[in-house]
Amino acid sequence: MESVTRTARQRAREEITAEILQAGRAALAESGPGELSLRAVARSVGMVSSAVYRYFPSRDDLLTALIVIAYDELGTAAETADDGIADRSDARARWLATCRAVRSWALAHPHDYALLYGSPVRDYAAPATTVVPAMRVVRRLVDAVVTERATGSADPTAPTGVPDGFDTSVSGAVEAMTDLFGLDGALPAELVGRTLMAWSTVFGTISFELWGHLVGSVTDHDAYFDGVVTRLWHDLGGR
């Protein structure tokens, strides 16, 4: 009886937690992350605010949970697209599929995308628990680049050199990315720097589209995005 009761309580807690998170996402869509309030979320699920605190002790805890959910959904979209490329050696197809999946998810979930890549929330600092979910997309992008280099088919005429201002120190981005992705041996600093440039450009292009900054300059957003990510691929040495 005790284990049955405990299981029932766990189920009830999971259901209520899911309701709170759903209400939190709705609040994000309505007023943005800066206005997220546990009190308002509690009202929307028919609870007193003191009860919600038993599930999320603070607004920051709820915000972190919503960020992790969004990163995981985005990561799943990217991974599913990448895994859909049967020929794993076709790094270009994997790169394009992953980039397109990120854009498609962003267009379908603009408020969640804004939570991840929009303006920082005042007085909030994302904890370390958000790092691994945040890296799911870039992990696939880096793997495509590394695969292209490993096959020996990289374009020798592609631009080379480390971007100005890039941290190439022992404790900098090169070692961090090598450790993060479990790669054998250190990546060339030039490759890490250019991948970072490409990554930030992909998300910058998506942000420009979402927030209307391409209006008047771009008539076909699909074609423009494909053109951007294809050119980035060539800049990374891909054929």
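Start by selecting residues 37–56, the stretch that UniProt lists as "DNA-binding region" in an unreviewed entry. UniProt positions follow the numbering used here, feature names are shortened, and such annotations may be inferred rather than shown by experiment. Along residues 37–56 the chain is 55% helix and 0% strand, and the C-alpha atoms at the two ends sit 11 Å apart. Helices here are DSSP runs of H or I with at least four residues, strands are runs of E with at least two, and both are numbered from the N terminus.

A word on what is on your screen: this is a predicted model, in which local features need pLDDT of at least 70 and side-chain atom pairs count only at pLDDT 80 or more, while totals for chains, interfaces and linings use all residues. Residues are numbered from 1 along each chain as its sequence is written, and side-chain values use heavy atoms, with hydrogens and water left out.

Next, add Ala26 and Ser44 to your selection. Their C-alpha atoms are separated by 9.6 Å, with the two positions 18 residues apart along the chain. Ala26 belongs to helix 1 (residues 2–31). Ala26 counts as partly exposed because its relative accessibility is 44%; buried means under 20% relative accessible area, exposed over 50%, and partly exposed in between, using a 1.4 Å probe and protein chains only.

Now zoom out and colour by secondary structure. You should find eleven helices and zero strands in the protein chain. Of its 239 residues, 41% count as buried. Among contacts (heavy atoms within 4.5 Å) with a separation of 6 or more, 75% join residues 24 or more positions apart.

Show helix 4 (residues 59–83) together with helix 6 (110–117). The two pack at an angle of about 110°, with their axes 10 Å apart. Helix 4 is therefore roughly perpendicular to helix 6. Axes are lines fitted to C-alpha atoms, for helices over the stretch in contact, and angles run from 0 to 180 degrees between N-to-C directions. Angles under 35 degrees count as roughly parallel, over 145 as roughly antiparallel, 65 to 115 as roughly perpendicular, and the rest as oblique. Turn on side chains: from helix 4, Leu63, Leu66, Ile67, Ala70, Tyr71 and Leu74 meet Asp112, Leu115, Leu116 and Tyr117 of helix 6.

From helix 6, follow the chain onward to Asp123, in the loop that leads to helix 7 (131–134). Asp123 has a positive phi of about 65°, although it is not a glycine. With a relative accessible area of 69%, Asp123 is exposed.

Then bring up helix 5 (residues 91–108) and helix 11 (residues 221–235), whose axes come within 10 Å and cross at roughly 135°. That angle makes helix 5 oblique to helix 11. Side chains to display from helix 5 include Trp95, Leu96 and Cys99, part of a set that meets helix 11 residues including Phe225, Val229 and Trp233.

For the last stop, pick Thr195 in helix 10 (residues 189–210). Is Thr195 buried or exposed? Thr195 counts as buried because its relative accessibility is 5%. Leaving aside neighbours within four places in sequence, Thr195 is in contact with Val142, Val145 and Leu236, so select those three to see what surrounds this threonine.
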